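Thank you all for making time this morning. I would like to walk through one structure with you, moving from a pair of helices to a sheet and then to the core.

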Amino acid sequence: MLVVDAARLERRREKAVKSRGQPDRSLYFRGVAAARYLLRKVFRLVEEEAKRAGIDPLAHQALIQIYGSEKGALRVKEVAERLDISPAFSSSLVKHLVAKHYVTRERDKEDSRVAWVKVTKKGLDVLLRIDQQVQIHVDYFTNGIPPEETEAAFSVMMFYAGVSLKSPK
């Protein structure tokens with residue numbers, strides 16, 4: 001496992017952000033390229049494992065978003081928002097997940113117009129099985145990445161997320 005020096009990572013983030021305003025933006029784009037490579041590779045690994053488990057990758061992502069939400073449940077429109085899909089498509093996706101017994105729809109106790117989508121034990125079992133397999137592949141993949149590339153990726157991800165490691169003054 002790579003241990004990253006926070007001060008060095010912050011300096012790298014600052015340099016990448018500064019590079020965005022320069023004629024030569026190669027430092028910034030090296031970080032973007034590294035971040036995109038890492039994310040793309042890991043997401044592809046996750047999607048392949050979801051397919052092996054017999055679940056569509058988007059349906060798997062829906063399970064992750066639902067189970068990983070603060071309440072452990074989302075409304076259909078929140079599933080749509082989290083997956084960046086239309087509410088109509090989200091509704092179809094949830095119906096598919098209900099039919100597979102991966103989620104349940106439960107009416108809100110206070111507002112019967114609201115339905116909450118929750119992951120079932122069967123859905124959680126699928127999530128955990130996929131995650132276990134993904135971790136093996138991710139560990140293998142990340143062990144081969146040079147530390148400089150990992151730091152470049154993190155510096156850009158910090159920029160994208162609006163994060164700094166500096167203490168507020």
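Where helix H1 meets helix H2, Lys 15, Ala 16 and Ser 19 of H1 are in contact with Ser 26, Leu 27 and Tyr 28 of H2, contact meaning heavy atoms within 4.5 Å. By class, this contact has 3 nonpolar, 2 polar and 1 charged residues, where Ala, Val, Leu, Ile, Met, Phe, Trp, Tyr, Cys and Pro count as nonpolar, Asp, Glu, Lys and Arg as charged, and the others, Gly among them, as polar. I should say at once that this is a predicted model, in which local features need pLDDT of at least 70 and side-chain atom pairs count only at pLDDT 80 or more, while totals for chains, interfaces and linings use all residues. Residues are numbered from 1 along each chain as its sequence is written, and side-chain values use heavy atoms, with hydrogens and water left out.

H1 covers residues 6-19 and H2 residues 26-52, and they pack at an angle of about 115 degrees with their axes 7 Å apart. Axes here are lines fitted to C-alpha atoms, for helices over the stretch in contact, and angles run from 0 to 180 degrees between N-to-C directions; helices (H or I, at least four residues) and strands (E, at least two) are DSSP runs, numbered from the N terminus.

Turning to the sheet, we find an open arrangement of 3 strands in the order S1-S3-S2, with antiparallel pairing, and two strands pair if DSSP finds at least two bridges between them. S1 (73-75) and S2 (103-107) stand at the edges, each with a single partner strand, so one side of each is left without a neighbour in the sheet. Between S2 and S3 (residues 115-119) there are 5 bridges, and Val 103 has Val 119 as its bridge partner in S3. Helix H4 (residues 76-83) lies across S1, S2 and S3, running at about 95 degrees to S1.

What, finally, does the largest nonpolar core contain? It has 36 residues, and those with the most contacts inside it are Ile 55, Leu 63, Ile 66, Leu 93, Leu 97 and Val 103; such a core is a set of buried Ala, Val, Leu, Ile, Met, Phe, Trp, Tyr and Cys residues joined through side-chain atoms within 4.5 Å, buried meaning under 20% relative accessible area with a 1.4 Å probe, protein chains only. H2 gives the most to this core, with 8 residues.

Terms used: Buried means under 20% relative accessible area, exposed over 50%, partly exposed in between (1.4 Å probe, protein chains only).
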